[in-house]
Amino acid sequence: MGLFDRLGRVVRANLNDLVSKAEDPEKVLEQTIMDMGEDLIQLKQAFGQTLASQKRTEAQYKQALKDANTWEQRAKLALSKGEESLAREALVRKKSYTETATTLKEQLEQQSGQIETMRRNLTALESKISEAKTKKNMLIARSKAAKANEALQSTMSGLNTSGSMAAFERMENKVLDMEARSQAVGELGGSSLEHQFAELEAGSGVEDELAMLKAQMTGSAEPQGALPEGSTQEDKASPKDEVVDAELDDLRRQLDNL
């Protein structure tokens with residue numbers, strides 16, 4: 001294979017590839033319908049011209065038959081008048097028109113066949129165009145659906161779904177941590193408040209009990225009168241008071257050790 005043959009093949013292959021990629025189904029189908037419509041117009045024009053030609057041929061054929069009949073009548077008239085040479089000339093004219101009529105009749109038959117063929121072609125082409133329009137709409141709809149699906153798939157493939165779901169999981173965990181911290185702070189605040197009230201309640205209980213003890217001791221204590229002459233405070237102390245003092249000293253030591 002020569003270099004130019006190989007180069008030509010490569011060029012044709014590249015051109016075919018470019019054309020194939022550039023073909024848009026919707027545009028190609030629209031252009032095809034337009035081409036078929038132009039073919040239909042041309043066929044109708046040719047049909048009209050052939051039909052008009054047939055009409056002219058038919059008129060010429062009828063006129064040739066009429067002229068042939070006229071010259072035949074003239075030949076008869078000449079013979080009746082004894083004009084044999086004139087009758088012969090009239091018959092020559094009749095023969096010429098008769099031959100013309102025969103030729104025109106053959107043309108009429110041919111034209112009739114052509115017209116019938118063209119009529120069938122017109123009907124078939126109109127049917128094909130109607131079918132093509134219906135199929136075109138269906139193919140265009142399928143083409144648009146395919147393009148839309150391809151665009152959707154491209155969009156879906158371009159999405160980083162794993163990264164997005166991971167981000168959602170991180171945010172969910174963060175919200176859970178925030179909720180846990182909020183709950184813990186609430187519990188701590190509540191326990192601190194309860195602890196403060198417990199201390200107040202405990203303190204108030206001790207004070208109440210202390211006041212009650214004071215009242216009891218004050219009410220049970222004997223009134224102290226004037227000391228007799230010659231007696232002192234030390235002389236007034238009794239063994240019972242010494243016991244109480246010892247208990248108080250012991251209580252103070254226990255409180256200091258706490």
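What follows is a set of questions and answers about a predicted model.

Visitor: How far apart are the end C-alpha atoms of helix 2?
Guide: Helix 2 covers residues 25-80. It has 56 residues, and at 1.5 Å a residue these should span 82 Å. The model agrees with that expectation, because the end C-alpha atoms of helix 2 are apart by 82 Å.

Visitor: Which residue with a positive phi follows helix 2?
Guide: Helix 2 takes in residues 25-80. After this helix comes a residue whose phi is positive, near 80°. That residue is Gly82.

Visitor: Is Thr50 buried or exposed?
Guide: Thr50 is part of helix 2. Leaving out residues up to four places away in sequence, Thr50 touches Gln111, Gln114, Ile115 and Met118. Its relative accessibility is 15%, and buried means under 20%, so Thr50 counts as buried.

Visitor: Which residue has its backbone oxygen 2.9 Å from a polar atom of the side chain of Thr50?
Guide: The contacts of Thr50 with Gln111, Gln114, Ile115 and Met118 do not count residues up to four places away in sequence. The polar atom of the Thr50 side chain lies 2.9 Å from a backbone oxygen, and that oxygen belongs to Ala46.

Visitor: Which helix gives the most to the largest nonpolar core?
Guide: This core has 11 residues, among them Ile33, Phe47, Ile115 and Ile129. Helix 2 and helix 3, the latter being residues 84-158, each supply at least two residues of the core. The most, 6 residues, comes from helix 3.

Visitor: Which residues does Leu125 touch, not counting residues up to four places away in sequence?
Guide: Leu125 is one of the residues of the largest nonpolar core. Met36, Leu40 and Leu43 also belong to that core. Leu125 touches these three and one further residue, so the full list, read by the rule of heavy atoms within 4.5 Å, is Met36, Leu40, Leu43 and Asp39.

Visitor: How many residues apart are Lys136 and Glu30?
Guide: Lys136 and Glu30 form a salt bridge, with their closest N and O atoms 3.3 Å apart. The pair links distant parts of the chain, since Lys136 is in helix 3 and Glu30 is in helix 2, and the separation is 106 residues.

Visitor: Which counts as partly exposed, and which as buried: Lys136 or Glu30?
Guide: Buried means under 20% relative accessible area, and partly exposed lies between that and 50%. Lys136 has a relative accessible area of 12%, so Lys136 is buried. At 32% relative accessibility, the partly exposed residue is Glu30.

Visitor: Which residues are joined with Glu116 into one network by salt bridges that share partners?
Guide: One salt bridge joins the side chains of Arg119 and Glu116 at 3.4 Å, N to O, and these two lie 3 residues apart in helix 3. Another joins Arg120 and Glu116 at 4.0 Å, with the two residues 4 apart in helix 3, about one turn of the helix. Salt bridges that share partners therefore join Glu116 into one network with Arg119 and Arg120.

Visitor: What is the relative accessible area of Arg120?
Guide: Glu116, at 37% relative accessibility, counts as partly exposed. Arg119 is partly exposed, with a relative accessible area of 38%. Arg120 is also partly exposed, with a relative accessible area of 48%.

Conventions
Residues numbered from 1 in each chain as written. Predicted model: local features only at pLDDT ≥ 70, side-chain atom pairs only at ≥ 80, totals over all residues. Heavy atoms only, no water. Buried < 20%, exposed > 50% of the residue type's maximum accessible area, 1.4 Å probe, protein only. Polar contact = N/O pair within 3.5 Å; in protein donor to acceptor, adjacent residues only side chain to side chain. Core = buried A, V, L, I, M, F, W, Y, C linked by side-chain atoms within 4.5 Å. Expected span 1.5 Å × (residues − 1).
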